[in-house]
Structures are given as structure tokens and as C-alpha cells.
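Work through the exercises below with the structure in view. Each task is followed by a solution in steps.

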Amino acid sequence: MEKQKDIKELLGIVGKDRGKYSDAVIAEAEKAIEARWGKAQDMLRKRILRAGSITSLIGVVMLGAGLLGVFMLVDMYEGFWDYGSSEDSAKEIWFCILMTIAILLETLAGLGLVVGGIAFRKGREWSRRVIAAVIILGLCYAVIASIVWEIQIVVVYGLDKQTVLLAIMGVLVFAFWSALLWLALRFFRLAEVGEYCRRQQSFD
């Protein structure tokens, strides 16, 4: 038998075309399939461990940013009372509310990524759903932030050459991050990743 055969040919030898080959050829094909499957599983395991580590690290960064944001919010809430009942005070209150929501979501997302990343390294099936939920939240945030950005620069600066450039830059930045999030989501939802996690859980 040739040293390298296509995986479909190997599966045919041990499967539907089994009667056409000798026991020695079938045994060799079975060993080749087992070796390739073992290498593929080892590569997948390394990818999962790497993805879990990166996910946890991103979560730690987001948690740190969320904690810093809490201190920033304290200063903001102390400062906006100085505006009294003016129009600026109302704008400041709404800005504080929006920042509070954003920081709260960032902190929760960071916590989810830390916990999910650690569990994902251990092959826990539920960790995929937690991480996927955070990624979907990030995609929604990217879309909403992009829309708000485009509206804000037009309202504040008007429609001129500089505004158009800022708008294009905003679209490109949000498109870049959205693409990264989408690719990450695809990985965590891969069938082989789910199968690996279920198999790991069965060993516990």
C-alpha cells in the first residue's frame, strides 16, 4: 500500500470496499486512520488550550478596565451635581447613565470570559455557550456603537470632508473588530470543538 493515501480512500478500505483488500492492507489502513485522527485531536486540543488562555486573558483585561471604570464613574457622579439644573446637567446625567451601563456590561463580559476561558481549557461544554454569549453581546455592542458614532459625529461636527473621513474610519474600525468577533464565534461553535468538550466531560 502507498505510504500516503487520501483519508476517503482509507475509510473506503476499512469500510464499504473492505472485501476488495487483504487483512494486511486493512490493518495498515486502520493504523493510518488512527494515527491521523490522533494527530488531528492533538492539534485541536492545543488550539482549544490556546483559545481558552487567550479568552481568559482578554477577560482579565476587561475586568481590570471595568474596575478602573468604576473609579471614573465615582468622579463623574460627584462632578455632575455642580451643573445644577441646567441643560448641561441633564446631558451629564444621561452620559453617566450610559457609561454605567457600558462599564457594567464590560465587567460582566470580562467575568464571563475569565470563567468561560478557564472552563473551556478543561473541556467543559457549557463554557462554549458562555463565551459565545459574550461574543454575541460584543457584536451587538459593535453594531450599536458604530451607529451611535456615525450619528454623533454628523450631529456634532456637521457634514464636511473631515466628518466623512471620521465616519469611514469608524466603519472600518468597527468592521475589523466585528470580523474578529465573528471568526472567534465560529471557532467556539465548531462541531468538532463541541465533540471534544463532550468527550472530555465523559472522562470526568
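A residue is called buried when its relative accessible area is under 20%, exposed when that area is over 50%, and partly exposed in between. The model used here is predicted.

**Exercise 1.** Classify R198, E125 and R129 as buried, partly exposed or exposed.

Solution.
- Step 1. R198 has a relative accessible area of 42%, so R198 is partly exposed.
- Step 2. For E125 the relative accessibility is 13%, which makes E125 buried.
- Step 3. R129 reaches 54% and is therefore exposed.

**Exercise 2.** Find the salt bridges of E125 and place the partners on the chain.

Solution.
- Step 1. A salt bridge requires a side-chain nitrogen of Lys or Arg within 4 Å of a carboxyl oxygen of Asp or Glu.
- Step 2. The N to O distance between R129 and E125 is 3.9 Å, and their side chains form a salt bridge.
- Step 3. Both of these residues, E125 and R129, belong to helix 4, where four residues, about one turn of the helix, separate them.
- Step 4. E125 also forms a salt bridge with R198, at 3.8 Å from N to O.
- Step 5. This second pair joins distant parts of the chain, since E125 is in helix 4 and R198 is in helix 6 (residues 191-203), 73 residues apart.
- Step 6. A network of salt bridges links E125, R128, R129, E195 and R198.

**Exercise 3.** Which residue meets K46 in a salt bridge, and why can the two side chains reach each other?

Solution.
- Step 1. The partner is D42, with 3.5 Å from N to O.
- Step 2. K46 and D42 are four residues apart in helix 2, so about one helical turn lies between them.
- Step 3. Side chains of opposite charge can pair when their charged atoms come close.
- Step 4. K46 is partly exposed at 43% relative accessibility, and D42 is partly exposed at 30%.
- Step 5. In the whole structure, the search finds six salt bridges.

**Exercise 4.** Describe the largest pocket: its volume, its lining and the helices that contribute.

Solution.
- Step 1. The largest pocket holds about 1,600 Å³ of space.
- Step 2. It is lined by 39 residues, and those closest to its centre are M62, L137, G138, Y141 and A142.
- Step 3. Two or more lining residues come from each of helix 2 (23-79), helix 3 (87-121), helix 4 (125-157) and helix 5 (161-188).
- Step 4. The most come from helix 4, which gives twelve residues.
- Step 5. Sorted by class, the lining has 32 nonpolar, four polar and three charged residues.

Technical notes:
Residues are numbered from 1 along each chain as its sequence is written. This is a predicted model: local features need pLDDT of at least 70, side-chain atom pairs count only at pLDDT 80 or more; totals for chains, interfaces and linings use all residues. Side-chain values use heavy atoms; hydrogens and water are left out. On a 1 Å grid over the protein atoms alone, a cavity is a set of points where a 1.4 Å probe fits but cannot get out, and a pocket is an open set with protein on both sides within 12 Å along at least five of seven lines; lining residues have an atom within 4 Å of a point. Grid points are joined across faces, edges and corners, and a volume is the space filled by probe spheres set on the points. Ala, Val, Leu, Ile, Met, Phe, Trp, Tyr, Cys and Pro count as nonpolar, Asp, Glu, Lys and Arg as charged, and the others, Gly among them, as polar. Buried means under 20% relative accessible area, exposed over 50%, partly exposed in between (1.4 Å probe, protein chains only).
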